[in-house]
Amino acid sequence: MEGRPLEENDLIERSSDGDAVAFAQLVRAHQEMAIRVAYLVVRDHAEAEDVTQDAFVKAHGALDRFRPGSPFRPWLLQIVRNEALNRVRSSKRRQRLALREGSDPVTSGAAPSPETEVVSSDERTRVLAAIEALPERYRAVLGHRFLLEMSEQETAVTLGIPPGTVKSRTARGLQRLRRELGEDFG
Amino acid sequence: MTHERRNLEMLLVAVAGQIDWPEPSPQLEERVRSRIEADATDLRRRKSRRWIAAMVAASTLVLILVVFPTTRHAIGDLLTEAGVRIGVIDEIPTDTPTDLGLGDEATLAEAIEHVSFTLRLPDALGPPDGIHRDGENGVSMYWDGPIVLTQRSPSRIYAEKRLVADTDMIEVTIEGGLGLWIEGAPHEFTLVDGDGDPIEVTTRLAANVLLWQTAGIDHRLELTGDLDDAMAIVDSMNEGG
């Protein structure tokens with residue numbers, strides 16, 4: 001099996017032993033999700049990159065506290081989110097989530113996916129505004145569950161709350177969102 | 001209702017696809033790796049600095065002892081001339097030595113031939129129970145008690161004595177010069193070469209020591225008795241045959 005990528009557990013073990021190359025592979029595998037988790041909190045591209053970088057370094061320093069065999073990604077993402085929260089608390093500023101320019105499938109000429117097919121630019125703007133208006137406890141859970149498409153379990157670990165709380169906040173958050181958006185949105 | 005809820009969830013996922021998510025820069029991975037490697041280097045340097053600091057601290061103790069107080073200065077000169085350096089350590093190793101590290105056994109005649117100076121014998125102790133060639137130009141004599149008397153011509157070999165903090169050092173006048181009486185807690189005695197590398201480490205766990213120099217020859221008397229016992233032995237020392 002020469003050339004086969006190392007299993008994540010092997011990479012973690014080697015990283016714990018000081019193998020920076022092994023940890024770089026873990027960074028490569030998780031950096032895309034990590035920067036999104038950071039962005040959900042800091043709402044700034046450059047700062048999300050900085051947060052992600054700092055969080056990876058902190059995660060490396062905390063590898064001796066990682067429980068072998070447990071899922072690595074949510075453990076890592078919890079560190080990312082905490083790092084991002086620390087930045088926001090210190091800067092006391094907050095921006096809104098931004099939509100991509102030219103992201104309207106109608107005007108951009110791109111072939112619409114089954115999901116985007118039924119969502120106009122105006123509707124996306126309204127949905128985002130409604131999410132932003134939610135209390136933080138619901139916004140965080142819905143953001144991780146649906147904007148980042150995490151499982152309940154992974155959301156629970158990343159946010160540091162019990163899975164049951166994720167489930168109940170998801171239900172209540174959707175309920176509030178539905179109420180905010182009106183009958184047009186199921 | 002289930003159908004409606006599914007629609008809202010799908011709508012959220014669709015919106016997620018249109019959010020202007022940041023992309024990790026191509027440099028992110030390399031920057032993390034560089035910082036980790038730099039941290040590891042810093043850690044090694046900090047450990048190294050701590051080790052050096054510990055060594056410097058030990059050296060400083062030696063210098064303070066030798067340089068600062070006037071009496072210590074005189075003792076320091078004496079000890080330096082006698083090839084002895086003093087350091088303080090936290091504790092003495094607890095393993096009891098089985099070998100006093102006195103060197104090869106010799107007869108009195110062989111010992112006299114071994115050194116370039118006139119060997120002296122203490123009448124108060126009678127004939128030694130053992131005689132040893134101690135280094136290139138030294139002799140140690142041993143009596144049950146135990147008592148050990150070492151006479152050595154100063155050379156590039158230095159004796160480094162490490163003491164625990166509660167060991168008492170008393171300056172004494174002996175044979176018209178300055179001497180040092182060390183008593184109390186056990187101490188460790190190490191022979192080091194001119195570069196400071198240990199040649200021989202001997203831990204003496206139950207002995208007090210009198211150090212002095214006479215006629216350019218280093219003397220070291222080790223015994224379980226007190227200073228009066230030591231001075232009585234010194235007073236009985238005559239030139240050997």
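**Strand pairing, helix crossings and the chain interface**

In chain B, β5(B) and β6(B) make a hairpin, and three residues lie between the two strands. The model described here is predicted. Strand β6 of chain B covers residues 147-152. Its pairing with β5(B) is antiparallel and runs over six bridges. One bridge can be named by its residues: Gly138(B) has Arg152(B) in β6(B) as its partner.

β5(B), residues 138-143, also pairs with strand β4 of chain B, residues 130-133. This pairing is antiparallel too, over four bridges. Here His132(B) lies opposite Ser140(B) of β5(B). β4(B) and β5(B) likewise belong to a hairpin, with four residues between the strands. Within that hairpin, Gly135(B) adopts a positive phi near 75°. β5(B) thus has β4(B) as one pairing partner and β6(B) as another.

Chain A was examined for helix contacts. Helix α1 of chain A spans residues 8-16, and helix α2 of chain A spans residues 20-42. Their axes come within 7 Å and cross at roughly 135°. This angle makes α1(A) oblique to α2(A), because it falls outside the ranges for roughly parallel, perpendicular or antiparallel axes. The crossing of α1(A) past α2(A) is left-handed. From α1(A), the contact involves Leu11(A), Arg14(A) and Ser15(A). These residues meet Ala22(A), Phe23(A), Gln25(A) and Leu26(A) of α2(A). By class, the residues of this contact comprise four nonpolar, two polar and one charged.

A second crossing in chain A joins helix α6, residues 121-133, and helix α9, residues 163-181. The two axes come within 10 Å, at a crossing angle of roughly 130°. α6(A) and α9(A) are therefore oblique to each other as well. α6(A) passes α9(A) in the right-handed sense. On the α6(A) side, the residues are Arg126(A), Val127(A), Ala130(A), Ile131(A) and Ala133(A). On the α9(A) side, they are Leu177(A), Glu180(A) and Leu181(A). The contact of α6(A) with α9(A) has six nonpolar and two charged residues, and no polar ones.

The two chains also touch. Contact between them involves 29 residues of chain B and 39 residues of chain A. On the chain B side, the elements that give two or more residues are α1, residues 2-16, and α2, residues 28-67. α1(B) gives the most, with 12 residues. The side of chain B that touches chain A contains 16 nonpolar, four polar and nine charged residues.

Confidence was then compared along the chains. The model as a whole scores ipTM 0.81 and pTM 0.51. Chain A has an average pLDDT of 83, and 80% of the residues score at least 70. In chain A, pLDDT is below 50 over residues 105-110. That stretch has six contacts in the model beyond near neighbours in sequence.

For chain B the mean pLDDT is 67, with 54% of its residues at 70 or more. Confidence in chain B is highest in strand β3, residues 120-122, at 90. It is lowest in helix α3 of chain B, residues 70-81, at a mean of 42. Residues 1-6 of chain B stay under 50, and the model gives them three contacts beyond four places in sequence. Residues 85-99 of chain B also stay under 50, with 31 such contacts. Where pLDDT is low, predicted coordinates should not be read in detail.

Conventions. Residues are numbered from 1 along each chain as its sequence is written. Chains are lettered from A and ligands numbered from 1 in the order in which they are written. This is a predicted model: local features need pLDDT of at least 70, side-chain atom pairs count only at pLDDT 80 or more; totals for chains, interfaces and linings use all residues. Two residues are in contact if their C-beta atoms, placed from the backbone, lie within 7 Å. Ala, Val, Leu, Ile, Met, Phe, Trp, Tyr, Cys and Pro count as nonpolar, Asp, Glu, Lys and Arg as charged, and the others, Gly among them, as polar. Two strands pair if DSSP finds at least two bridges between them. Axes are lines fitted to C-alpha atoms, for helices over the stretch in contact, and angles run from 0 to 180 degrees between N-to-C directions. Angles under 35 degrees count as roughly parallel, over 145 as roughly antiparallel, 65 to 115 as roughly perpendicular and the rest as oblique. A crossing is left-handed if the near helix is turned anticlockwise from the far one by less than a right angle, and right-handed if clockwise. pLDDT is the predictor's confidence in each residue, from 0 to 100.
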